[in-house]
Amino acid sequence: MELTTVWFILITVLWTGYFCLEGFDFGVGMLFPILGRTEDRRRVLLNTIGPVWDGNEVWLITAAGATFAAFPHWYATLFSGFYLPLLLILVALIVRALGFEYRHKRNDPTWRRGWDAMIVFGSVTPAFVWGVAFVNMVHGLPINADMEFTGSVISLLNPLALLGGLTTVTLFLLHGSLFIALKTDGEIRSDARALAGKVGFAAAGLTGVLLLLLGTDRGDSASWITAAVAVGALAGALAMNGRGHEGWAFIGTFLAIALLVITWFLMLFPDVMPSSTNAAWSLTAENAASSHKTLTIMTWVGALFTPIVVLYQGFTYWTFRKRIATHHIPPAHDERDYAPTAAS
């Protein structure tokens, strides 16, 4: 197998990991105003993702870095074409991180409400914009013979891309609801399960329509199979949630999101950014790749460090695997109780 194909597969794996892991903590952030009706409940929600959310973002950094090193022309066209959307995502991720760190600094309801709003903004915005960006990339963009994006931000907001944004938002809401149900106990757990049942039908419907429309344009036998299994996994997740099997339901949404991303990359290959202006001007895995020597060095580095990252993340999830509930949250008497710890 060519090294360009190997690195296309590895980048697919990195983006799949990012969407599956960051997807549920985006969902938890979006559910702050719905499931976090009291301060104790909001602190429970924060505790479910507190030990893992920043580790989940490592997958994004690694995916972007790998794309830059392995496919510099893909990286350059992608970041120039999506400059403003990616800047918006970066700002959203920064204010969300600030919200996690600063909402506990003062025992002031107004202060905390402001940072809570930033957490919601920082969760909804990337969830929507990533969907818009990836659907545009799979469907095709105006790219000229010099591998330069010739469209505008307005042209990115087409109906199919907006459908992609709504799909990722609802999928992450469902994924986050099931993660909360899996990680909590008491009333908040039953509320999360009930919400997952309502959001799940919208997520399954939007995912099915999006994959059908994209598949009609760029589908092949492999992508049709993964798309069908993705929708089936969503249906299975809803069935398991209805029976109270939260672990299996969460595995179902994890699998559905993974297969959605894999389907997108199957539709792309051998292109990495198809040109809607002229198919001959599309960026492919071959013409967008680095030299063979660069890809060889990257392969050895990836083989050495990837297991370390996976083991570290696995250890973190195992360490913080227990359920939490509002009665585990200590009362806050003064500002010292709002110190930024993993358990606050």
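Among contacts in the protein between residues at least 6 apart in sequence, what share join residues at least 24 apart? For this one, it's 81%. And a quick reminder before I go on: what we're looking at is a predicted model.

Okay, the overall picture. The protein has 14 helices and just two strands. Its radius of gyration is 21 Å, and the globule rule gives 20 Å for 344 residues, so the protein is as compact as a globular protein of that length. If you look along the principal axes, the C-alpha trace spans about 65 × 40 × 40 Å. Buried residues make up 50% of the 344.

Now, the UniProt record. The entry is unreviewed, and under "transmembrane region" it lists residues 6-36, 82-99, 119-140, 160-182, 194-215, 221-240, 247-269 and 297-320. Let's check two of those against the model. Residues 6-36 come out as 94% helix and 0% strand, with the end C-alpha atoms 43 Å apart. Residues 297-320 are 96% helix and 0% strand, and there the end C-alpha atoms lie 35 Å apart.

On to the inside. The largest nonpolar core has 97 residues, and the members touching the most other members are Trp15, Phe19, Phe71, Trp74, Trp130 and Phe265. Helix H1, residues 3-30, gives the largest share of this core, with 14 residues. Let's zoom in on tryptophan 15. Leaving out residues up to four places away in sequence, Trp15 touches Leu60, Ala63, Thr67, Trp130, Phe134, Val261 and Phe265.

Next, helix H14, residues 292-319. Here's a nice sanity check: at 1.5 Å a residue, its 28 residues should span 40 Å, and the end C-alpha atoms are 41 Å apart, which agrees. H14 does have a kink, though, of about 30° at phenylalanine 305, shortly before proline 307. Which residues of H14 are buried? They're Leu295, Met298, Gln313 and Thr316. What covers them includes H1, helix H4 (53-56) and helix H5 (58-70).

Last stop, aspartate 271, which lies in strand E1, residues 271-273. Is Asp271 buried or exposed? Its relative accessible area is 16%, and the cut-off for buried is under 20%, so aspartate 271 counts as buried. As for its company, Asp271 touches Phe8, Arg218, Ser282, Leu283 and Thr284, again not counting residues up to four places away in sequence.

Conventions. Residues numbered from 1 in each chain as written. Predicted model: local features only at pLDDT ≥ 70, side-chain atom pairs only at ≥ 80, totals over all residues. Heavy atoms only, no water. Helix = DSSP H or I, 4+ residues; strand = E, 2+ residues; numbered from the N terminus. Buried < 20%, exposed > 50% of the residue type's maximum accessible area, 1.4 Å probe, protein only. Contact = heavy atoms within 4.5 Å. UniProt positions renumbered as here; feature names shortened; annotations may be inferred. Core = buried A, V, L, I, M, F, W, Y, C linked by side-chain atoms within 4.5 Å. Expected span 1.5 Å × (residues − 1). Bend = angle between axes of the 7 residues up to and from the residue. Rg over C-alpha atoms; globule rule 2.2 N^0.38 Å.
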